[in-house]
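Okay, thanks for coming, everyone. I'd like to walk you through a structure that's probably new to most of you, so let's get it up on the screen.

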Amino acid sequence: MNILFKPLKMGDMLLPNRICMAALTRQRCDINDLIPNDLMVKYYTLRAEAGFMLTECVPISERSLAFPGQPGIYTKEQTLGWKKVVDSVHAKGGRIIAQVWHSGRACHSSFQNGLQVWAPSAITPRSKVRRSQFFHEVPHEMTIDDIKLVIQQFKQAAINCKEAGFDGVQLHCGTGYLIDQFLRDSANKRNDEYGGSIQNRSKFCLEVIDEIIKIYGNGRVGVKISPVARVNDMCDSDPLSLFSYLIKEFDARQLAFIELRDDNDIANYSNYGYPGSKEQIPDLFQAFKPLFKGVLIGNMGYTPETAIKNIEENRFDAVTFGKLFISNPDLVTRIQKNYELNYKWDESTFYTKGEKGYLDYPLYEEVQQ
Ligand SMILES: Cc1cc2nc3c(=O)[nH]c(=O)nc-3n(C[C@H](O)[C@H](O)[C@H](O)COP(=O)(O)O)c2cc1C
C-alpha cells in the first residue's frame with residue numbers, strides 16, 4: 001500500500017490518510033465583516049477527503065489583521081460563518097483544524113483600521129509589507145498588559161473555534177508573524193521576562209499554547225514552525241538551540257502535531273546579511289524528529305513522490321501540501337488512482353475575489369467525462 005494511505009493517529013484524531021492540506025490565505029470574504037461565506041463552504045468541502053485540512057490563517061482580533069478579506073474568528077457572526085464551513089466539511093466526512101494567528105509587525109496600520117501595529121520590540125522589518133505597496137511602519141513595543149491581552153484573545157479565539165466545531169487548533173508560530181517575532185532574536189530585543197534567553201523568548205508562545213490546551217486538550221492542538229524562514233525579515237542567531245528547546249517543550253505538553261516548514265532560503269537573503277538556511281540547520285528533520293513523539297508533518301515543496309520517500313525513511317509522519325491543493329481539489333483521489341496532477345496553479349488569482357481561481361479548478365473525473 002502507498003504509505004500516504006496508511007491511517008495515522010494524531011493526538012485524539014484518526015487520519016484516514018497522510019495527505020493533509022496546508023493553511024492557504026485566499027481573502028475571499030467581504031472586506032468589511034470578514035465573515036466566512038458560501039464560496040468558502042464550497043472550497044473547503046471540495047477538499048474534505050484530505051487527511052485533515054488547515055484553514056487559512058485566522059486573525060484573532062482587529063489588530064491582528066493583515067490581508068484584506070481574510071476571515072476572522074473574533075465576532076459572533078464570524079464564528080457562525082465558520083460553523084457553516086465546519087458542518088459542511090464534517091457532513092462530507094472530513095476533518096478541519098483552525099490556524100489561529102496574529103500578524104504582529106508584519107502588517108500595515110491601514111489594514112487594521114488605522115491601529116498601530118504591535119511587536120515584541122520597536123524594530124521595523126526591512127522588507128515591504130507582503131502583498132502590498134506599503135513599506136513597514138515602526139511597531140509599538142508591547143507592554144506586559146498588551147501581552148496579557150493578546151494571550152486572552154488567543155484563548156477567546158480557541159473558545160470560538162470550539163463553538164464553530166473545529167476538530168482542533170493550530171497555533172501559527174512561523175514565517176515572521178507575532179509568535180515568531182517573540183521567538184527569534186532578530187525581532188525580539190526585550191529586556192524583560194519575554195526577551196533575552198531562549199526560555200524567555202519562548203515564554204509568550206508557550207503561554208498561548210497553554211491557554212489553547214485548556215480549551216481543546218493537548219490531543220487537538222498543534223503548531224506550525226519555520227525555524228530558518230527568512231520571510232518578513234526574520235533570522236535567529238542560533239535556531240538549532242532555540243527550536244530544540246521549543247520542540248522539547250511541545251513534546252512535554254504532548255501536542256498532537258508539529259508542522260515543520262522546510263525553507264531553503266539562499267545565503268544572504270535579500271542582501272540582509274543573514275546566513276543561508278542550510279548553513280544554520282542542514283537537515284531540519286534529522287535535527288528535530290528525535291525530539292518529538294507526536295506527529296511530525298513535513299511542508300514546503302513536496303510532491304507525492306518526495307513525501308512518500310520521506311515518510312518511508314521515517315523523517316516525518318505526514319505531509320501538508322499547499323499549492324497542490326489549490327490546483328487539485330481532488331488531490332487525494334488523484335494520488336490514490338494515479339491520475340495526473342495539475343501543477344499549473346494560477347498565482348494571479350491566489351488573493352483575488354470571487355470564484356475564479358478558487359472554485360473553478362476541475363476535478364479529474366469531471367474532465368475525463
Ligand atoms: C496562496 C498561499 C497562501 C498561504 N497562506 C498561508 C497561511 O495563511 N498560513 C500559513 O501558515 N501559510 C500559508 N501559506 C504557506 C503554505 O501553508 C505552505 O507553507 C507553502 O505554500 C509551502 O507548501 P507548498 O510548497 O506545498 O505549497 C500560503 C501559501 C500560499 C501559496
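I'll go through the pockets, then the cores, and then a handful of single residues. One thing before I start: what you see is a predicted model.

So, pockets. How much volume does the largest pocket have? It comes out at about 800 Å³. There are 32 residues lining the largest pocket, and if you want to find its centre, look for A23, L24, R261, K323 and Y351, which lie nearest to it. Three elements give two or more residues to that lining: strand β5, at 96–101, strand β12, at 318–321, and helix α10, at 323–327. Which of them gives the most? That's α10, with three residues. As for the chemistry, the lining of the largest pocket splits into 16 nonpolar, nine polar and seven charged residues.

Now the second largest pocket, which holds about 230 Å³ of space. It has 16 lining residues, and I31, L34, L65, F111 and N113 are the closest to the centre. Sorted by class, that second lining has eight nonpolar residues, six polar ones and two charged ones.

Okay, on to the inside of the protein. The largest nonpolar core is made of 90 residues. The ones with the most contacts inside that core are Y44, F166, L171, F204, F250 and F321. And which helix brings the largest share of this core? It's α5, residues 198–216, which supplies 10 residues. There's also another core, apart from that one, with 14 residues, including L8, M10, A23 and F52. You may remember A23 from a minute ago, since A23 is also one of the residues nearest the centre of the largest pocket.

Let me stay with Y44 for a moment. Beyond the residues up to four places away in sequence, Y44 touches M21, M53, L54, T55, E56, W82, V85, V89 and I96. Y44 is also one of the buried residues of helix α1, which runs over residues 38–46; the others are L39, M40, V41, Y43 and T45. What covers those buried residues of α1? The cover includes β3 (19–21), β4 (53–59), α2 (76–91), β5 and α10. Notice α10 and β5 turning up again: both also give residues to the lining of the largest pocket.

Next, I225, which sits in strand β9. Buried or exposed? I225 counts as buried because its relative accessibility is 0%. Leaving out neighbours within four places in sequence, I225 is in contact with C173, G174, F243, I247, F250, I258, E259, L260 and R261. Two of those names have come up already: F250 is among the best-connected residues of the largest core, by contacts inside it, and R261 is one of the residues nearest the centre of the largest pocket. Here's a distance to go with that: I225 and M10 are 215 residues apart in sequence, and from C-alpha to C-alpha they are 17 Å apart in space.

Now a loop residue. N328 is in the loop between α10 and α11, the helix at 331–336. N328 has a relative accessible area of 0%, so it is buried. Its side chain makes a polar contact with the side chain of S327, at 3.3 Å. The N328 side chain also makes one with the side chain of R334, again listed at 3.3 Å. Setting aside neighbours within four places in sequence, N328 is in contact with R334, L341 and N342.

For the opposite case, take A252, which is in helix α6, residues 239–252. A252 counts as exposed because its relative accessibility is 60%. A252 and G273 are 21 residues apart in sequence, and their C-alphas are 35 Å apart in space.

Last stop, some backbone angles. Most residues other than glycine have a negative phi. D233 isn't a glycine, yet it has a positive phi of about 60°. You'll find D233 in the loop between β9, at 221–225, and α6. Since its relative accessibility is 5%, D233 counts as buried. N314 also has a positive phi, near 60°, and lies in the loop between α9, at 304–312, and β12. At 48% relative accessibility, though, N314 counts as partly exposed.

That's my tour, so over to you for questions.

Definitions and conventions. Residues numbered from 1 in each chain as written. Predicted model: local features only at pLDDT ≥ 70, side-chain atom pairs only at ≥ 80, totals over all residues. Heavy atoms only, no water. 1 Å grid on protein atoms, 1.4 Å probe; cavity = no way out; pocket = protein on both sides within 12 Å on 5 of 7 lines; lining within 4 Å. Points joined across faces, edges and corners; volume = space filled by probe spheres on them. Helix = DSSP H or I, 4+ residues; strand = E, 2+ residues; numbered from the N terminus. Nonpolar A, V, L, I, M, F, W, Y, C, P; charged D, E, K, R; others polar. Core = buried A, V, L, I, M, F, W, Y, C linked by side-chain atoms within 4.5 Å. Buried < 20%, exposed > 50% of the residue type's maximum accessible area, 1.4 Å probe, protein only. Contact = heavy atoms within 4.5 Å. Polar contact = N/O pair within 3.5 Å; in protein donor to acceptor, adjacent residues only side chain to side chain.
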